[in-house]
Each structure stands twice: as structure tokens, then as C-alpha cells.
Amino acid sequence: MSDPTPQQIAEKTAEVMMARDEAARFLGIELQEIGPAHCVMSLTVKKVHVQGLNVCHGGYTFSLADTTMAYASNSSDTPNLAQSAQISFLAPGQLGDVLTATAKPAAIAGRNTTWDVEVVDQNGKQIAIFRGQTRAVRGKVSEM
């Protein structure tokens, strides 16, 4: 039997993570695409996501980007934990919008990776730019 490909590992790791990810399910975050060091996730803005100014609460946009980084950074079945993150909000998400986050590595230095996550709406309009750092730790995602 041959070793699994990086794509197969990414898919299996995402499957394991999604089965345990109560937070993503609660928030309504959905996995759209996974690959080695790459992830795309989405969130449809519902009434529960809208704040007092009638736009998507920034915390939900941040959570979407952070979750997308988490799946991308763990896609090799090596556990990675967030060290820090920042976000720039460029435009508000509106009720009914489908926000899509795409994560990709910007820099890798040993066990540390810097990730860029772009969040856009269904028309491709930039909603936010997120940059986060993760650190690889011991073990396997599938065994945690």
C-alpha cells in the first residue's frame, strides 16, 4: 500500500477537525476547499451575525479568518496553534452576504508560519485582510 498523498492527508485531517469543531458548526462556518497549506471556508451572514449598526460583527469575520488559518496550518496532520493575529476590516459584510476566506502561507521559518487570509464577499469585494502566525507543536492532529 502506498503512502497517502499530501492532498489525502489534508482531506483526512480536515475531516477529523470538522468532526470535533463545535465552534465552526455553531458559527455556521463551512469548509469549501482544503489542500496542503491551503484552505477556503465560508460563512453566510445571518441575523445572528449582525451587530447594532446592521452589518456583520467583526468578531465573526475574524473567527472565519482564524478558523480558515487553523485548517490550512493543520493540513499536514501536524498540530499548529495560533500565536498571534491581526485583521484589517476593509468593508462591512451585509446580511445575506456569503463571506469566503482563503488562507495561504506568507512565510515559513522552522516551526513558525505566517499566514495571509483574505475575506471577500460573493461579488469578490474585499471585506478583510487577516495575518496570523502559528507554531507547530508535537503530535498528530488525528491523534489529539
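This is a short walk through the structure above, from its strands to its helices and then to its largest pocket. Keep in mind that the model is predicted.

Let's begin with the strands. Strand E4 covers residues 98-109 and strand E5 covers residues 112-120; the two run antiparallel and are joined by 9 bridges. If you look for a single pairing to anchor your eye, try alanine 103, whose bridge partner in E5 is valine 117. Between E4 and E5 the hairpin has 2 residues, and in this hairpin glycine 110 takes a positive phi near 65 degrees.

Follow the chain onward and you meet strand E6, residues 126-136, which runs antiparallel to E5 and is joined to E5 by 9 bridges. Asparagine 112 has arginine 135 as its bridge partner in E6, while valine 119 stands opposite alanine 128 in E6. The hairpin of E5 and E6 has 5 residues between the strands, and here glycine 124 takes a positive phi near 85 degrees. E6 also pairs with E3: 9 bridges join these two strands, which run antiparallel. One place to spot this is asparagine 80, which stands opposite alanine 136 in E6.

Now for the helices. Helix H3 spans residues 58-73. At 1.5 Å a residue, its 16 residues should span 22 Å, and the end C-alpha atoms of H3 are indeed 22 Å apart, so the two values agree. Many H3 residues can be listed as buried, including Leu64, Ala65, Thr68, Met69 and Ala72. Why do residues three or four places apart in an α-helix point the same way? The reason is that an α-helix has 3.6 residues a turn.

Alanine 65 is a good residue to pause on. It has 0% relative accessibility and therefore counts as buried, since the cut-off for buried is under 20%. Which residues does alanine 65 contact, leaving aside its neighbours within four places in sequence? They are Ala101, Val117, Val119 and Phe130. The C-alpha atoms of alanine 65 and glutamate 118 are separated by 7.6 Å, although these residues are 53 residues apart along the chain.

Phe130 appears again when we look for aromatic pairs. A search of the whole structure finds 1 such pair. The rings of phenylalanine 62 and phenylalanine 130 have centres 5.2 Å apart and planes at 65 degrees; because planes over 60 degrees apart count as edge-to-face, that is what this pair is called. Phenylalanine 62 lies in H3 and phenylalanine 130 in E6, so the pair ties together parts that are 68 residues apart in sequence. Are the two partners buried or exposed? Phenylalanine 130, at 0% relative accessibility, counts as buried, whereas phenylalanine 62, at 28%, counts as partly exposed.

Helix H1, residues 6-20, is our next stop. Its 15 residues should span 21 Å at 1.5 Å a residue, and its end C-alpha atoms are 21 Å apart, which agrees. In H1, Ala10, Thr13, Ala14, Val16, Met17 and Met18 are buried. What covers these buried residues? The cover includes helix H2, strand E1, strand E2 and H3.

Finally, turn to the largest pocket, which has a volume of about 270 Å³. Its lining is made by 14 residues, and Met17, Asp21, Ala70, Asn74 and Val141 are those that lie nearest its centre. H1, H3 and E3 each supply at least two residues of this lining.

Notes
Residues numbered from 1 in each chain as written. Predicted model: local features only at pLDDT ≥ 70, side-chain atom pairs only at ≥ 80, totals over all residues. Heavy atoms only, no water. Pairing = 2+ DSSP bridges. Helix = DSSP H or I, 4+ residues; strand = E, 2+ residues; numbered from the N terminus. Phe/Tyr/Trp six-rings, centres within 6.5 Å; stacked < 30°, edge-to-face > 60°. Buried < 20%, exposed > 50% of the residue type's maximum accessible area, 1.4 Å probe, protein only. Expected span 1.5 Å × (residues − 1). Contact = heavy atoms within 4.5 Å. 1 Å grid on protein atoms, 1.4 Å probe; cavity = no way out; pocket = protein on both sides within 12 Å on 5 of 7 lines; lining within 4 Å. Points joined across faces, edges and corners; volume = space filled by probe spheres on them.
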